[in-house]
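Thank you for making time this morning. I would like to walk through one model with you, beginning with the ligands and then turning to a few individual residues.

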Amino acid sequence: MDYTSFFNKDLLPKHIAIIMDGNGRWAKNHNKPRIFGHKNGVLSVRDVVEGAGEIGLNYLTLYAFSTENWNRPKVEITALMQLLVNTISKEVKSLNDSNVRLLAIGDLQSLPGNCEKEMLKAIEKTKNNTGLTLVLALSYSSKWEIVQAVKKLAADVKNNQLDINNINETVFKNYLQTHDIPDPELLIRTSGESRISNFLLWQIAYSELYFTEKLWPDFRKEDLFKAIGDFQQRERRFGLTSEQL
Ligand code: IPE
Ligand code: IPE
Ligand code: MG
């Protein structure tokens with residue numbers, strides 16, 4: 001596909017994060033149970049990951065399941081976890097074929113045993129790939145991540161591994177699960193909701209936000225390319241004036 005009509009390939013963001021929202025409403029529009037929406041959402045994930053690989057994106061983070069999502073009806077959670085296990089084990093081969101390295105953020109230990117196992121297996125099997133890094137946020141919430149970081153940091157202070165006077169933003173960032181991942185330059189949310197829902201609060205401090213009405217199961221790589229084009233039109237000032245840039 002000629003994606004150069006969408007954006008300038010020399011000015012790609014390094015990292016794009018996506019809040020994949022709207023599966024349930026999509027299913028409802030099709031008079032189907034919510035899980036039908038989640039299943040079709042997997043097709044979007046496949047297409048978007050493929051597109052990200054094609055254009056040479058370095059990092060793509062997908063918000064797949066939040067800490068708050070544990071409060072959904074049990075049938076939906078069980079079906080989602082089953083879908084996750086099946087998808088991960090099915091996709092490992094194609095991730096390897098396209099040189100994608102898989103990572104995860106979130107409280108993996110809170111996932112059902114087989115989910116955690118499949119994830120760790122897939123991460124291990126893809127760890128030497130050098131193309132796109134695909135980060136799945138699973139049982140993730142940003143406040144949880146930040147509190148975990150604070151606990152580790154406090155323990156290091158207590159053990160005299162860290163001097164309080166040396167704590168700064170760079171030091172703090174190293175305690176986050178995302179410490180090896182650059183901050184996303186672009187954050188996309190589908191389904192028309194304009195909120196962050198506890199996703200990457202620290203990391204998106206200066207991200208460009210892009211909201212689209214499209215429901216996640218309708219989102220395709222062309223929509224990703226369109227968002228990148230939109231991103232490239234923006235002036236990122238980081239507190240400076242236009243004239244200073
Ligand atoms: C996003 O779609 C997927 C998850 C949160 C797991 P939703 O399931 O939130 O779909 P809506 O927002 O109810 O339409
Ligand atoms: C955010 O979607 C979480 C994920 C996409 C995994 P939600 O559908 O859970 O968010 P809210 O509750 O509408 O804010
Ligand atoms: Mg939702």
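Before the first ligand, let me fix one term: by a polar contact I mean a pair of N or O atoms within 3.5 Å, where within protein one must be able to donate a hydrogen and the other to accept it, and where residues adjacent in sequence count only if both atoms are side-chain atoms. With that in place, an N or O atom in the side chain of R34 is 2.8 Å from an oxygen atom of ligand 1. Please keep in mind that this is a predicted model, in which local features need pLDDT of at least 70 and side-chain atom pairs count only at pLDDT 80 or more, while totals for chains, interfaces and linings use all residues. Residues are numbered from 1 along each chain as its sequence is written, chains are lettered from A and ligands numbered from 1 in the order in which they are written, and side-chain values use heavy atoms, with hydrogens and water left out.

Staying with ligand 1, the backbone takes part as well: a backbone N or O atom of N23 lies 3.1 Å from an oxygen atom of the ligand, and a polar backbone atom of G22 is 3.3 Å from an oxygen atom of ligand 1. Taken alone, ligand 1 exposes 380 Å², of which the protein buries 86%, with accessible areas coming from the Shrake-Rupley method with a 1.4 Å probe and, for residues, only the protein chains shown counting as cover. The residues surrounding ligand 1, meaning those with a heavy atom within 4 Å of it, include M20, D21, H38, A64, N69, R72 and L80.

Which element gives the most to the shell around ligand 1? That is helix 1, with three residues, where helices (H or I, at least four residues) and strands (E, at least two) are DSSP runs numbered from the N terminus.

Now to ligand 2, whose surrounding residues include I19, Y63, F65, S66, R195 and S197. Here an N or O atom in the side chain of D21 is 3.2 Å from an oxygen atom of the ligand, and polar side-chain atoms of R72 and of R189 each lie 3.3 Å from an oxygen atom of ligand 2. On its own ligand 2 has 390 Å² of accessible area, and the protein covers 78% of that. Strand 2, residues 59-66, gives the most to this shell, with four residues.

Let me turn to individual residues. T133 is in strand 4, residues 133-140, and its side chain makes a polar contact of 3.1 Å with that of R101. Is T133 buried or exposed? T133 counts as buried because its relative accessibility is 3%, buried being under 20% relative accessible area, exposed over 50% and partly exposed in between, with a 1.4 Å probe and protein chains only. Leaving aside neighbours within four places in sequence, T133 is in contact (heavy atoms within 4.5 Å) with N58, Y59, L60, R101 and L103.

Finally, two backbone angles deserve a look. N31, in the loop between helix 1 and helix 2, has a positive phi of about 50° although it is not a glycine, and N31 is exposed, with a relative accessible area of 74%. N198, in the loop between strand 5 and strand 6, has a positive phi of about 65° and is likewise not a glycine, but N198 is buried, at 15%.
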